[in-house]
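Reader: I would like to go through the assignments in this model one by one and hear what each rests on. Please set each value against its cut-off.

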Amino acid sequence: MTSLTQRSSGLVQRRTEASRTSAADKDRGSGDEDFETRRGAEEEEEEVEDKGDCKETRLTLMEEVLLLGLKDREGYTSFWNDCISSGLRGCMLIELAIRGRLQLEACGMRRKSLLARKVICKSDAPTGDVLLDEALKHVKETQPSETVQSWIELLSGETWNPLKLHYQLRNVRERLAKNLVEKGVLTTEKQNFLLFDMTTHPLTNNNLKQRLIKRVQEALLEKWVNDPHRMDKRLLALIFLAHSSDVLENAFSPLLDDQYDLAMKRVRQLLDLEPEGESTKANANELLWAVVAAFTK
């Protein structure tokens, strides 16, 4: 009887210990789950914050080229730069192509060259950018369609045909600068130049401009891949159009002499590419290469 009682008490004790162990495991498991849940929530919050920052400071190709061309303290581009106007129009065409709004017509059996093919509207969905939507509207409503070279000239107002002057996009630099002011990159001031007052836009967010310059430098130095089709299309377009707008040198001014020589050597390699051949390769954006051809022909 005594041994039975001892066995029973031992059994109860083991069950009690087992239940305690199970409860502890559950508590530990629920604690781990709570920790994982909290950590996941924190990571999601960080991702949302990162996305929010990226969305807030995301720049178009036109804004990036203008930012490279602006003097930080003075807040205006060089008075002697007569290339940036057409360069910004080229940016608009590529930006619309990258966003899936524009494309080149099919080359057909005759294999038309890039500069002979017309630009057509692929989608008229609004982009959310006033300048881009204005350019898209012109392309969509124009019949017969125009070539890339013609659109760069028409949007710049460089035409002898008075019936086509309405295509000109006016005050582009000022409008882009105001966009950058709204994004917290620039500010607005008035400067007196003896005979007249001029609105200027000095730099306020130097970190963003330095990140932009660093991206350009790294693409041609540390992260050089020696193949334009392995480069990000937007970054490739930025290098081409910054050069065409005569502002690429500004991104190289902080470099040492050896780095500068290497970066310029690789820029020349890109400029020496044959757009017709490059546009036929897999995943190539034909309109991008057509704009490149228009500036390098």
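Reader: How many disulfides does a search of the whole structure find?

Author: The model is a predicted one, and the search finds zero disulfides in it. A disulfide would need a pair of cysteine sulfur atoms within 2.5 Å.

Reader: Are the cysteines C83 and C121 buried, partly exposed or exposed?

Author: C83 has a relative accessible area of 27%, and C121 has 28%. Buried means under 20% and exposed over 50%, so C83 is partly exposed and C121 is partly exposed.

Reader: Why is the contact of K209 and D72 called a salt bridge?

Author: The cut-off is 4 Å between a side-chain nitrogen of Lys or Arg and a carboxyl oxygen of Asp or Glu. The closest N and O atoms of K209 and D72 are 2.6 Å apart, so the pair meets the rule. K209 belongs to helix α7 (residues 206-220) and D72 to the loop between α2 (61-69) and α3 (84-98), so the salt bridge ties together parts that are 137 residues apart in sequence.

Reader: What are the relative accessible areas of K209 and D72?

Author: K209 has 5% and is buried. D72 has 33% and is partly exposed.

Reader: What makes E286 and R117 a salt bridge?

Author: Their closest N and O atoms are 2.8 Å apart, and the rule asks for a distance within 4 Å. E286 lies in helix α12 (residues 286-296), while R117 lies in the loop between β1 (102-104) and β2 (119-121), so this pair ties together parts 169 residues apart in sequence. On accessibility, E286 is partly exposed at 29%, whereas R117 is buried at 4%.

Reader: How do you know that E278 and K281 meet in a salt bridge?

Author: The N to O distance is 3.4 Å, which falls under the 4 Å limit. E278 is buried, with a relative accessibility of 8%, and K281 is partly exposed, with 41%.

Reader: How many salt bridges are counted by this rule, and which residues are linked in a network?

Author: The count comes to 14. E95, R99 and R234 are linked in a network of salt bridges.

Reader: How do you know that the span of helix α10 agrees with the expected one?

Author: Helix α10 (residues 257-271) has 15 residues, which at 1.5 Å a residue should span 21 Å. The expected span uses one less than the number of residues. The end C-alpha atoms of α10 are 21 Å apart, so the two values agree.

Reader: Which residues of α10 are buried, and what puts them on the same side?

Author: A263, M264, R266, V267 and L270 are buried. They cover an arc of only 160 degrees around the axis, and therefore lie on the same side of α10. In an α-helix there are 3.6 residues a turn, so residues three or four places apart point the same way.

Reader: What do the buried residues of α10 pack against, and which exposed residues does the face turned away carry?

Author: The buried residues pack against α7, α8 (233-244) and α9 (249-252). The face turned away from the buried side carries D257 and D258, which are exposed.

Reader: Why is A237 called buried?

Author: A237, which lies in helix α8, has a relative accessibility of 0%. The limit for buried is under 20%, so A237 qualifies. Leaving aside neighbours within four places in sequence, A237 is in contact with L61, I94 and L288. The C-alpha atoms of A237 and W289 are 8.9 Å apart in space, with their positions 52 residues apart in sequence.

Reader: What makes the pair of F240 and W289 edge-to-face?

Author: The structure holds three aromatic pairs. For F240 and W289, the ring centres are 5.8 Å apart and the planes stand at 70 degrees. Pairing asks for centres within 6.5 Å, and edge-to-face for an angle over 60 degrees, so both conditions are met. The pair links distant parts of the chain, with F240 in helix α8 and W289 in helix α12, 49 residues apart. Both F240 and W289 are buried.

Reader: Why are F252 and Y260 also called edge-to-face?

Author: Their rings are 6.3 Å apart, centre to centre, with 85 degrees between the planes. The distance is within 6.5 Å and the angle is over 60 degrees, so the pair is edge-to-face. F252 is buried at 1% relative accessibility, while Y260 is partly exposed at 26%.

Methods:
Residues are numbered from 1 along each chain as its sequence is written. This is a predicted model: local features need pLDDT of at least 70, side-chain atom pairs count only at pLDDT 80 or more; totals for chains, interfaces and linings use all residues. Side-chain values use heavy atoms; hydrogens and water are left out. Helices (H or I, at least four residues) and strands (E, at least two) are DSSP runs, numbered from the N terminus. Buried means under 20% relative accessible area, exposed over 50%, partly exposed in between (1.4 Å probe, protein chains only). The arc is that of the directions from the helix axis to the C-beta atoms. Contact means heavy atoms within 4.5 Å. Rings of Phe, Tyr and Trp (its six-membered ring) pair if their centres lie within 6.5 Å; planes under 30 degrees apart count as stacked, over 60 as edge-to-face and the rest as tilted.
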